[in-house]
Amino acid sequence: MSGEERTIPRHIAIILDGNGRWAKRRHLPRKAGHAEGARNVERICRAARDLGVDYITMYAFSTENWKRPKEEVDELMDLLEAELRSSIKRSMKNNLRMRVIGDRTVLSESFLQAIRELEETTENNTGLDVSIALNYGSRDEIVRMVRSVAEDAVAGRVTAGEIDEDFVSNRLDTHMVPDPELLVRTGGEQRLSNYLLWQLAYAEFYFTDKTWPEFDKKELEKAIDYFNHVDRRFGGLNESDN
């Protein structure tokens, strides 16, 4: 399918899976896979920008990832913090607006400072809008949202009649971006893993056996081509159903 014929999804969500398997196949330590996966974030962001995507959200570290061995978690967190700091210059060069979503309450002050610097430095950029889901879990996000609404209700700031779908969406971590139209998961698994459960209600799902470090612009184009062949009805009927 040529670029002229494609409908490009405005927002693509990606579950970055398979870093460890990529490293294992090459007889490398897992941290080498995570490092290569981190480098691929920039490559795919550039590819998405060039293809005309407006928003991309990447699942970098979940609330469940804390269950991994402490040594691996520590390495991952150090890598993620270093990547956030080093990505400021690249994001400015590529005109990317960078955001971090998820629960920040357990992150170190050094990590929080890296997030603030990245978001504040890039907030006026007008290119691809990139959200990094870090210490993110959709159930945790919904619980945090419900708690905040309950507190507002007790204080008289919210009434039951005000709560509708738009109200809920505007209280979620992703309130600043439209819902994803396409979910891509690398690494061969076919599940959501507690990712954007509310936001993905009407997204199309594309699963690939390619591990995240192997996922390149050509693979992203395959996912977009798949999106273009899906009949998106949103619960309604098309002409062939009548």
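**Note on helix packing in a predicted model**

1. Helix α7 has twelve residues, and from its first C-alpha to its last it reaches 16 Å, close to the 16 Å expected at 1.5 Å a residue. The model is a predicted one, and the points below should be read as describing that prediction.

2. Which residues of α7 are buried? They are Glu219, Leu220, Ala223, Ile224, Asp225 and Phe227. Two charged residues, Glu219 and Asp225, are thus listed as buried alongside Leu220, Ala223, Ile224 and Phe227. The cover over the buried residues of α7 includes the strands β1 (11–15), β5 (182–185) and β6 (204–207), and also helix α2.

3. The α2 partner spans residues 30–51, and α7 spans residues 217–228. Their axes come within 9 Å and cross at roughly 50°. An angle between 35 and 65 degrees falls in neither the parallel nor the perpendicular class, and α2 and α7 are therefore oblique to each other. The crossing of the two is right-handed.

4. On the α2 side the contact is made by Ile44, Ala47, Ala48, Asp50 and Leu51; on the α7 side by Lys217, Leu220, Glu221 and Ile224. Sorted by class, this contact of α2 with α7 holds six nonpolar, three charged and no polar residues. Leu220 and Ile224 take part in this contact and are also among the buried residues of α7. An α-helix has 3.6 residues a turn, so residues three or four places apart point the same way.

5. A second helix pair is α3 (residues 70–93) with α4 (residues 109–122). Their axes lie 9 Å apart and the packing angle is about 20°. That makes α3 roughly parallel to α4, since the limit for this class is under 35 degrees. The crossing of α3 and α4 is left-handed.

6. From α3, the residues in contact are Met77, Leu80, Glu81, Leu84, Arg85, Ser87, Ile88, Ser91 and Met92. They meet Ser110, Phe111, Gln113, Ala114, Ile115, Glu117, Leu118, Thr121 and Thr122 of α4. By class, the contact of α3 with α4 divides into nine nonpolar, six polar and three charged residues.

7. Is Leu28 buried, partly exposed or exposed? Leu28 sits in the loop between α1 (19–25) and α2. Its relative accessible area is 39%, and Leu28 is partly exposed. Leaving out residues up to four places away in sequence, Leu28 touches Trp22 and Ala23. From Leu28 to Leu112 the C-alpha distance is 30 Å, with their positions 84 residues apart in sequence.

Technical notes: Residues numbered from 1 in each chain as written. Predicted model: local features only at pLDDT ≥ 70, side-chain atom pairs only at ≥ 80, totals over all residues. Heavy atoms only, no water. Axes fitted to C-alpha atoms, helices over the stretch in contact; angles between N-to-C directions. Helix = DSSP H or I, 4+ residues; strand = E, 2+ residues; numbered from the N terminus. Parallel < 35°, antiparallel > 145°, perpendicular 65-115°, else oblique. Left-handed = near helix turned anticlockwise from the far one by under 90°. Contact = heavy atoms within 4.5 Å. Expected span 1.5 Å × (residues − 1). Buried < 20%, exposed > 50% of the residue type's maximum accessible area, 1.4 Å probe, protein only.
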